[in-house]
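Subject: Structure for your review

Dear colleague,

I am handing over the structure we spoke about, with my notes on what was found in it. Please read the notes with the structure open beside them.

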Amino acid sequence: MEQGLAQSRSILADAGNVAVLSGAGISAESGVPTYRGAGGIWEGFSAAELASAEGFARDPAKVWGWHNQRRMQLAAIKFNAGHKALADLEAQVVARGGTFTLATQNIDGLHQAAGSQNVLELHGTILAIRCSTCTDKRHIGFEPVDDEIPRCRECGAYMRPDIVWFGEQLPADVWEAAAKAAYECDVFMTIGTSAVVYPAAGLIEMAAGTGAKTIEVNLQRTAASGLVNISLQGKAGEILPQLVDLT
Ligand code: OAD
């Protein structure tokens, strides 16, 4: 572990183009539950019922209410040292003329709250809503909203959370930017993700395939551990600050 930390630190100190994939684990120390495993969201709730277009069509009020409740829970949550270390790393890489892309599967907005600039929200955000039929979209942030489902101002259909649900495509422009970053980076980090949900997890394979140096930070081994050059096991909020010069 000590050797992996030192190696990762020196790789990041020299990195020109950095791409990162983050998942629920980076927000766990802020108090946001992860999706899989004991106590995970999908252990207590049904993804088919609450996170699919079919579920929304069947019972829109239930899906709306559940997301609304999650949004209100997230309103009280603060970013942690792991988010902050990534924002510091971005500032350093950009200051020396490199590029930094943070593709996150998280919908909680905590990377942006910590100061990250170039964030690609692969699975959307809970802080916006969009029309279930047309292209109308609205940022709602943490404003309390009615339990009554709002209607689209353009076409009158139900609004829904701006989140990519199971069986849905990722936003094409966001995915293309993430894939480009994975192909072009010289260092790729995968942090706090089980790496089982595609296409997001495919970014790790893309980066590894081009010969980028790959580093994983996770509490435990994952589907990606065999693929990466360095696998660091522990809490993201404790490991990431050790890899970066903090401001
Ligand atoms: P998962 O719940 O599948 O995985 C969370 C990962 O974080 C696990 O590998 C944990 O070991 C790790 N972990 C937990 N606490 C950690 C900590 N403090 N430091 C480091 N690692 C930690 O979450 P994701 O991989 O993000 O999609 O899940 C991917 C997608 O599946 C989500 O975006 C969501 C879900 O269904 C949608 O809702 C569309």
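How many residues surround the ligand, and which are the closest? There are 24 residues around the ligand, and the closest are Y35, R36, T193, S194 and N218. Please keep in mind throughout that this is a predicted model.

**The ligand site**

The ligand occupies the largest pocket. For the contacts made by side chains, T193 places a polar side-chain atom 2.6 Å from an oxygen atom of the ligand, and in S194 an N or O atom of the side chain is likewise 2.6 Å from a ligand oxygen. H123 also contributes, with a polar side-chain atom that lies 2.8 Å from an oxygen atom of the ligand. Of the 800 Å² of accessible area that the ligand has on its own, the protein covers 93%.

**The loop between strand 7 and helix 10**

Two backbone features fall in the loop that runs between strand 7 (187–191) and helix 10 (202–209), which holds P199 and also A195. Most residues other than glycine have a negative phi, and most peptide bonds are trans. Against that background, the phi of A195 is positive, near 60°, and the residue counts as buried because its relative accessibility is 6%, where the cut-off for buried is under 20%. The peptide bond from Y198 to P199, in turn, is cis, with omega near 10°.

**Salt bridges**

The structure holds eight salt bridges, and I describe some of them here. What do the side chains of D245 and R9 form? They meet in a salt bridge, with an N to O distance of 2.7 Å. D245 lies in the segment after helix 11 (236–243) whereas R9 belongs to helix 1 (residues 2–14), so this pair ties together parts of the chain that are 236 residues apart in sequence. Both partners are partly exposed, D245 at 48% relative accessibility and R9 at 33%.

A network of salt bridges links R130, K137 and D162. In one of its pairs, R130 and D162 have their closest N and O atoms 2.9 Å apart; because R130 lies in strand 4 (residues 124–131) and D162 in strand 6 (residues 159–163), the pair ties together parts that are 32 residues apart in sequence. D162 also forms a salt bridge with K137, for which the closest N and O atoms are 3.1 Å apart, and this pair links distant parts of the chain, since D162 is in strand 6 and K137 in strand 5 (residues 137–139), 25 residues apart.

Is D162 buried or exposed? With a relative accessible area of 9%, D162 is buried, whereas its partner R130 counts as partly exposed at 24% relative accessibility.

When you go through the structure, the contacts of H123, T193 and S194 with the ligand may be a convenient place to begin, followed by the cis peptide bond from Y198 to P199 and then the network of R130, K137 and D162.

With kind regards

How values were computed: Residues are numbered from 1 along each chain as its sequence is written. This is a predicted model: local features need pLDDT of at least 70, side-chain atom pairs count only at pLDDT 80 or more; totals for chains, interfaces and linings use all residues. Side-chain values use heavy atoms; hydrogens and water are left out. A salt bridge is a side-chain nitrogen of Lys or Arg within 4 Å of a carboxyl oxygen of Asp or Glu. Helices (H or I, at least four residues) and strands (E, at least two) are DSSP runs, numbered from the N terminus. Buried means under 20% relative accessible area, exposed over 50%, partly exposed in between (1.4 Å probe, protein chains only). A residue is near a molecule or strand if one of its heavy atoms lies within 4 Å of it. A polar contact is a pair of N or O atoms within 3.5 Å; within protein, one must be able to donate a hydrogen and the other to accept it, and residues adjacent in sequence count only if both atoms are side-chain atoms. Accessible areas come from the Shrake-Rupley method with a 1.4 Å probe; for residues, only the protein chains shown count as cover. On a 1 Å grid over the protein atoms alone, a cavity is a set of points where a 1.4 Å probe fits but cannot get out, and a pocket is an open set with protein on both sides within 12 Å along at least five of seven lines; lining residues have an atom within 4 Å of a point. A molecule sits in a cavity or pocket if more than half of its atoms lie within 2 Å of its grid points.
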